[in-house]
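Q: Please go through this structure with me and, for each label you use, show how the label follows from the value behind it.

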Amino acid sequence: MNGAPRSQGRTAVTGAVMSLSPDTAWHAVPAAVVESPHLLTGVAVAASGEIWVVGNVGQQPLAARWDGSAWTLPPGPPEDPALVGAGLQGVTLFPGDARPAPDASRPGAGTPSADTTSPAGPPPGLRVIPSPADGRDDRFNGGAERTRRPALRVVPGTEPAGPRAVAVPGGYDRVAGTEVPIIRHWDGRAWTAWGSWGGPGLDSGYVLTDVTAVGADEAWAVGHGFPWGTPAGPVALRWADGDWRPAPLPKIAKGKLLAVAAHGPDEVWAVGADDRSGLILRYDGAEWRRAASPATRFPLTDVAVCPSGEAWAVGRDHVLRWDGRRWRRVKAPVAAANTVTALSPEEVWVAGGRGELARFDGRRWETMAAPQPFGTAAVWLASAASGPGAWLVGTRQVTRAGAPDDARTIPVQTRES
């Protein structure tokens with residue numbers, strides 16, 4: 001064969017994570033969450049500065065924690081082999097954690113947690129090992145066999161206690177032939193499933209897409225059913241008094257909710273779609289109502305609330321702002337917005353599906369490029385504020401030379417998918 005040999009390689013999707021320092025500069029987190037191709041779709045920041053990201057790797061949900069210098073993958077329940085396409089979509093942390101914060105402005109040089117129950121320093125990178133060959137785990141399902149395929153877990157005893165959290169995924173149960181919601185609770189040491197597919201009184205036939213804490217012991221999770229099933233339309237579950245309960249919502253047959261954010265127990269916003277246009281619902285402490293908003297041609301994929309109560313929602317080329325009286329459209333230099341985070345009315349960030357980054361300072365917008373290795377190759381899917389800073393997560397495509405033939409790829413999708 002004439003000419004230089006062509007390099008062998010495969011394209012795969014890996015997670016992308018960035019932090020915003022107080023000087024409004026974005027910094028790429030250098031370490032990969034896991035080595036396998038993976039997708040990140042949610043992020044939450046504790047008062048201490050501890051970071052959680054969620055998504056999926058292969059057909060399994062993924063939840064990882066960044067302590068300022070390394071990622072760790074805490075233990076959790078195995079997945080049922082009947083579940084297809086399982087992935088964590090949203091995560092929230094309950095307030096109350098008081099451990100020292102990592103240095104968010106230097107995402108490669110933070111200090112480990114000072115928790116004395118943890119080993120001296122984090123492990124040298126993430127240790128991912130297969131589950132036992134017979135697929136059994138006596139902690140769940142009475143020791144019954146759950147799966148024959150490898151599951152992700154970490155050697156026990158390496159995880160310090162941390163803030164309580166909730167993560168919500170969904171998937172398709174190919175045995176039952178229906179979509180199923182899943183709710184996971186983090187007690188500070190391990191993830192546990194709430195019941196089999198969600199909890200007592202929670203039906204199947206829908207998926208959950210996002211979750212937000214509104215107090216030390218209260219949270220909202222949102223999602224949607226499907227036009228051909230029951231329930232159809234938007235779904236909201238409330239965590240209170242140690243239980244998840246469905247909440248009545250306006251009937252919108254083709255409606256779905258994709259994101260939720262709260263200013264407090266009496267002001268919760270959820271956004272999504274009514275058929276192909278945007279949808280906004282508001283909870284006022286007593287009931288959920290549909291909020292009047294400018295017409296959009298696409299679903300709204302994210303919502304954020306400033307500490308002052310001002311709210312922002314985004315979806316494709318639309319940016320909407322709640323000024324305390326009504327929603328208005330804001331002209332912004334974005335064409336593929338997926339996520340928004342609002343530190344204050346003078347510090348709002350929008351990010352999107354083409355690596356887009358735009359900052360609103362209260363008067364005007366400024367666009368900027370994401371740092372390398374992201375640039376325009378990144379697809380930003382979720383964001384979270386952390387005091388004077390913020391975090392962004394998403395995906396980017398990478399080409400690995402000499403990748404094995406069985407290397408799996410994960411399609412990149414926007415949050416409206």
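Q: What makes the largest nonpolar core a core, and which residues touch the most other members?

A: In this predicted model, the largest nonpolar core has 19 residues, of which Val33, Val43, Val53, Trp71 and Trp391 touch the most other members. The label of core applies because its members are buried nonpolar residues joined through side-chain atoms within 4.5 Å. At least two residues of this core come from each of strand S3 (38–45), S4, strand S5 (60–66), strand S28 (378–386) and strand S29 (389–401).

Q: Why is the pair of tryptophan 52 and tryptophan 186 called edge-to-face?

A: The ring centres of tryptophan 52 and tryptophan 186 are 5.0 Å apart, with 65 degrees between the planes. Centres within 6.5 Å count as a pair and planes over 60 degrees apart count as edge-to-face, so both conditions are met. Because tryptophan 52 lies in strand S4 (residues 51–57) and tryptophan 186 in strand S10 (residues 184–186), the pair ties together parts that are 134 residues apart in sequence. Tryptophan 52 and tryptophan 186 are both buried, and together with Trp191 they form one aromatic cluster.

Q: Why is the pair of tryptophan 322 and tryptophan 327 given the label it has?

A: Here the centres are 6.0 Å apart, which is within the 6.5 Å limit for a pair, and the planes stand at 45 degrees, which is neither under 30 nor over 60, so the pair of tryptophan 322 and tryptophan 327 is tilted. Both tryptophan 322 and tryptophan 327 are buried. The structure holds 16 aromatic pairs.

Q: How do you know that the charged end of arginine 164 sits over a ring?

A: The charged end of arginine 164 is 4.6 Å from the centre of the phenylalanine 94 ring, and the distance part of the criterion asks for CZ of Arg within 6 Å of the ring centre. Arginine 316 likewise lies over the face of phenylalanine 298, at 4.3 Å from the ring centre.

Q: Why are strands S12 and S15 said to stand at the edges of their sheet?

A: The sheet in question is open, with four strands in the order S12-S13-S14-S15 and antiparallel pairing. Strand S12 (206–215) and strand S15 (243–246) each have a single partner strand, so one side of each is left without a neighbour in the sheet. From one strand to the next, the twist averages 25 degrees.

Q: What makes S14 and S15 a pair?

A: Strand S14 (residues 234–240) and S15 run antiparallel and are joined by four bridges, and because a pair needs at least two bridges, the requirement is met. One of the residues involved is alanine 240, whose bridge partner in S15 is aspartate 243.

Definitions and conventions: Residues are numbered from 1 along each chain as its sequence is written. This is a predicted model: local features need pLDDT of at least 70, side-chain atom pairs count only at pLDDT 80 or more; totals for chains, interfaces and linings use all residues. Side-chain values use heavy atoms; hydrogens and water are left out. Axes are lines fitted to C-alpha atoms, for helices over the stretch in contact, and angles run from 0 to 180 degrees between N-to-C directions. Buried means under 20% relative accessible area, exposed over 50%, partly exposed in between (1.4 Å probe, protein chains only). A charge sits over a ring if NZ of Lys or CZ of Arg is within 6 Å of the ring centre and within 35 degrees of the ring normal.
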